[in-house]
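Colleague: I have a model open and would like to learn how to read it. Can we take the features one at a time?

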2 protein chains.
Amino acid sequence: MTEHCPHSETASCTLPSSEQVKVLLDQAVSLCEQRNLRFTELRKQVLELVCRADQPVGAYQLLDELREQGRSAAPPTVYRALDFLLEQGLVHRLATNNTYLACAHPQKPHAAVFLVCSQCGQTQEVHTRGVIEVVKQQAEKFDFRVTHASVEVAGLCHSCQSQKEGAQ
Amino acid sequence: MTEHCPHSETASCTLPSSEQVKVLLDQAVSLCEQRNLRFTELRKQVLELVCRADQPVGAYQLLDELREQGRSAAPPTVYRALDFLLEQGLVHRLATNNTYLACAHPQKPHAAVFLVCSQCGQTQEVHTRGVIEVVKQQAEKFDFRVTHASVEVAGLCHSCQSQKEGAQ
DNA sequence: GATATAATGTTACATTATAACATAACATAT
DNA sequence: ATATGTTATGTTATAATGTAACATTATATC
């Protein structure tokens, strides 16, 4: 909870390029080895689907994609895999729209801020010392012991702002 | 969005006492008059139920309670009333657990931080200049135009921390 | 009162998520 | 190597949350 990713304050953690997908999967493999957990075929498939999506995806979309890959799957299939990946910090869940996205920094546990474009759905995971620390400070004042902070910001991304201006 | 409630940084906005419920309802009445909107019986009933709850409540719980009051109601009945109350800033929705709670400060539009106890469900709405401003600052760096920030913190409230210590 | 608008009633359904129990895969000790 | 316990997955059914679509009623305005 207390550690932060080494990113600069102004660089965002964008969704992984298809080259980076392999890196993320490799990281997942070694991370599970370290923790003595099984990175099964199902879990790998689900993580890969989440990584390859260019936007946060819903559980039932993942379910469809698993089936397209010829796998016999039902809702629990997906949710159980997602639960595992969430617990291991390999994916995040966005509560405001019930979607899942790959974590950009599975190496280090961290709390992140998500910028969710209401127009196009593109979502950035941004890491900043500031936000989470301020949240914790405030919580402390109320003697509240934080276990998880969900910070999701809805609005318009840069490119959708331009489009709207152009349209006027 | 830019205005903040006049609270001190360390005072929380606790759930309304049953005396305060009347005040909140009166505020809703005058607020709707000002805006030329209808504060109908249904909307009043739903707001009152949300106010009287000692914890954030789910939509279907509200539905049950409406029916207990003898009102013919279906899911859209509740959701439409909630949508109205949300738009007017009279209630908040917690995305992390799909519940609704009365806004402590309907007079002034504001963005709030919610401290949600995972043990007992008690939820505090706390207002702090800090958190929301930092969020906005960060968003600006990415040229992201914020319309709404959802900041929900899960953890243990003071009283549940004590209980756990006592149990050990 | 006639007409337009807003709110509610009602039915049906979509979406998201979990419970419960059976089976299969894997790990470990004997 | 096999018996045994544990973990993961398959499968069916259902719970919980939320919305679409259209009919009806109430309200406001002319």
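Modeller: Start at DNA strand D. H4(B) gives the largest share of the surface near that strand, 4 residues. Near means that a residue has a heavy atom within 4 Å of the molecule or strand. Helices (H or I, at least four residues) and strands (E, at least two) are DSSP runs, numbered from the N terminus.

Colleague: What are the ground rules?

Modeller: This is a predicted model, in which local features need pLDDT of at least 70, side-chain atom pairs count only at pLDDT 80 or more, and totals for chains, interfaces and linings use all residues. Residues are numbered from 1 along each chain as its sequence is written, chains are lettered from A and ligands numbered from 1 in written order, and side-chain values use heavy atoms, without hydrogens and water.

Colleague: Which residues come nearest to DNA strand D?

Modeller: A:Thr40, A:Ser72, A:Arg80, B:Tyr60 and B:Arg93, out of 19 around the strand. Of the strand's atoms within 4 Å of the protein, 53% belong to sugar or phosphate, the rest to bases.

Colleague: How do I read a polar contact there?

Modeller: Look for a pair of N or O atoms within 3.5 Å; within protein, one must be able to donate a hydrogen and the other to accept it, and residues adjacent in sequence count only if both atoms are side-chain atoms. Here, polar side-chain atoms of A:Arg43 and A:Arg71 each lie 3.3 Å from a phosphate oxygen of DNA strand D. For B:Tyr100 the distance is 3.4 Å.

Colleague: And a nonpolar core?

Modeller: That is a set of buried Ala, Val, Leu, Ile, Met, Phe, Trp, Tyr and Cys residues joined through side-chain atoms within 4.5 Å. Buried means under 20% relative accessible area, exposed over 50%, partly exposed in between (1.4 Å probe, protein chains only). The largest core has 38 residues, and A:Phe144 and B:Leu115 are among those with the most contacts inside it. Strand E3 (113–117), helix H5 (129–141) and strand E5 (145–156) of both chains each supply at least two of its residues.

Colleague: Is B:Val126 buried or exposed?

Modeller: B:Val126 counts as buried because its relative accessibility is 1%. B:Val126 sits in strand E4 (residues 123–126) of chain B.

Colleague: How are the two chains related?

Modeller: Two copies of a chain are related by a rotation about an axis and a shift along it. Here a 180° rotation with 0.0 Å of shift superposes chain A on chain B, RMSD 0.1 Å. The fit is by least squares on the C-alpha atoms of residues with pLDDT of at least 70 in both. The copies are therefore related as by a two-fold rotation axis. In chain A, the C-alpha of A:Val151 is nearest the axis, at 2.3 Å.
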